Amino acid sequence: MKFLALDDLHYNNYAWKDVYFQSLLKDTIEKYQIDVVLIAGDVVESSIIKHYNPYEVIRHNIFKDVDVPIIFCLGNHEFSYNSVDNVFERMTSFTDTYDCYCLDVNGHYDVNSDIRIVGNVLWYDNTLKGISTQPDDVIIDGWLDSTILDFIPSVNCARCKKQIKNNIKNNVSNILLTHCVPHKDLNRFSFDEPYSSYNMYSGCEDFLKDLSNLEWAICGHTHRRMNKVIHNINCLNIGNDYVYKTQTIEKFIFEV
C-alpha cells in the first residue's frame, strides 16, 4: 500500500497555494497510485477555523476530485479560540457528511485487514520543556495554545495516549498519525534550540516506548522534517517544505 503523508497545510482561504499545487497533489496521487492520504494536523489556519471545518476544506478545496481515503488528525490550530470538548463535539457532527476520516473522532481507520491507522492530536505532557523551572501546564501568553479554552495539556495528552493505546490492534501493521511529536528525536527544535520554549509545546519525550505492534509513527507540528528509526519503528516528522518546494512532493510517499 502506498501512502502520501502531509501536514501543517494551514489553509487560510486567501491566496492559499495555487491551482498548480492542488493539481500537483491530484497528479501525484494518480501517477504514484497512492492508496491513502494522511494529514498530520493543522489543516486549517486558526484565523478561519470558526468558519471552516477540516472535512470541508480537505474534500472541497485541497483535494477536490481526489478519490482515495483521506485520514487526518487535528492540530493545535483546529482548537484555537474554542474548548477541547467543543471541538470534539463539532467535529463529530461532520462525520457523516464528508468522505474523510478524523482520527480524533473515529480513533482508528482500517485500510484493510492488515493495516490500521491510529492517532490524534496527541498534545504534550510537559516532558520536553527546555526550562525545568517552567511550571507544568502553564502556557506562555502569546503562544497560540494559550487561546484554547479549558485546556490542561497533561490531562488532554493523557486522554490522547489512552485513546491511541486502546485502538492499536494486534497482528496487523499499525500506523500512528499524530500532530505533536511522540518522541523527542522527532523534534528538530530540541537539537537546534535546546532551551527554546517551543520544546514543551511539541509533544512527548518518549511515548513510543509505551506502544507495541507499531510499524510507523507519523507526525508534524514543528515544520521540520525528520526521518529516523526509533524502537524499531519507522518514524517520520513530515515537515512542510512541500509548501515551498512542490517538486519534492514525491519524498512524502511511503509504503507499508
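This report describes the two sheets, the nonpolar core and selected cysteine and threonine surroundings of a predicted model.

## The six-stranded sheet

One open sheet is built from six strands in the order S5-S6-S7-S8-S10-S9, and the pairing within it is mixed. At its edges stand strand S5 (108-112) and strand S9 (226-230), each of which pairs on one side only. From one strand to the next the twist averages 20°. Strands of a sheet pair through backbone hydrogen bonds, either parallel or antiparallel.

At the S9 edge, strand S10 (residues 233-237) runs antiparallel to S9 and is joined to it by five bridges, and within this pair Met-226 stands opposite Asn-237 of S10. Helix H6 (residues 153-167) packs on the sheet, where it touches S5, strand S6 (115-120) and strand S7 (173-178), and its direction makes about 170° with that of S6.

## The five-stranded sheet

A second open sheet, also of mixed pairing, places five strands in the order S4-S3-S2-S1-S11. Strand S4 (101-102) and strand S11 (253-255) each have a single partner strand, so one side of each is left without a neighbour in the sheet.

Strand S2 (residues 36-40) and S3 run parallel and are joined by four bridges; Ile-39 has Phe-72 of S3 as its bridge partner, while Ala-40 stands opposite Cys-73 of S3. In a regular strand the side chains alternate between the two faces of the sheet. In strand S3 (residues 70-73), Ile-70 and Phe-72 point one way and Ile-71 and Cys-73 the other way, and all of these residues are buried. Helix H2 (residues 54-62) lies across S2, S3 and S4, running at about 145° to S3.

## The nonpolar core

In soluble globular proteins, nonpolar side chains tend to be buried together. The largest nonpolar core of this model has 85 residues, and those with the most contacts inside it are Phe-63, Phe-72 and Ile-117.

When residues up to four places away in sequence are not counted, Phe-63 touches Leu-6, Leu-25, Ile-29, Val-37, Ile-39, Ile-58 and Ile-70. Among these contacts, Ile-39 is the residue whose bridge partner in S3 is Phe-72, and Ile-70 is one of the buried residues of S3, pointing the same way as Phe-72.

## Cysteines without disulfides

The structure holds zero disulfides. Cys-73 is in no disulfide, and the nearest cysteine sulfur, that of Cys-102, is 7.7 Å away; Cys-73 is moreover buried, with a relative accessible area of 0%. Cys-219 is likewise in no disulfide, the nearest cysteine sulfur being that of Cys-235 at 7.8 Å, and Cys-219 counts as buried because its relative accessibility is 0%.

For both residues the cut-off for a disulfide is a pair of sulfur atoms within 2.5 Å, whereas the nearest sulfur lies 7.7 Å away for Cys-73 and 7.8 Å away for Cys-219.

## The surroundings of Thr-178

Thr-178 lies in strand S7, and it counts as buried because its relative accessibility is 0%. A polar atom of the Thr-178 side chain lies 2.8 Å from the backbone oxygen of Cys-180.

Leaving aside neighbours within four places in sequence, Thr-178 is in contact with Ala-40, Cys-73, Asn-120, Val-121, Leu-122, Ile-164, Ile-218, Cys-219 and Gly-220. These contacts include Ala-40 and Cys-73, which stand opposite each other in the pairing of S2 with S3, as well as Cys-219, the buried cysteine described above.

Key:
Residues numbered from 1 in each chain as written. Predicted model: local features only at pLDDT ≥ 70, side-chain atom pairs only at ≥ 80, totals over all residues. Heavy atoms only, no water. Pairing = 2+ DSSP bridges. Helix = DSSP H or I, 4+ residues; strand = E, 2+ residues; numbered from the N terminus. Axes fitted to C-alpha atoms, helices over the stretch in contact; angles between N-to-C directions. Contact = heavy atoms within 4.5 Å. Core = buried A, V, L, I, M, F, W, Y, C linked by side-chain atoms within 4.5 Å. Buried < 20%, exposed > 50% of the residue type's maximum accessible area, 1.4 Å probe, protein only. Polar contact = N/O pair within 3.5 Å; in protein donor to acceptor, adjacent residues only side chain to side chain.
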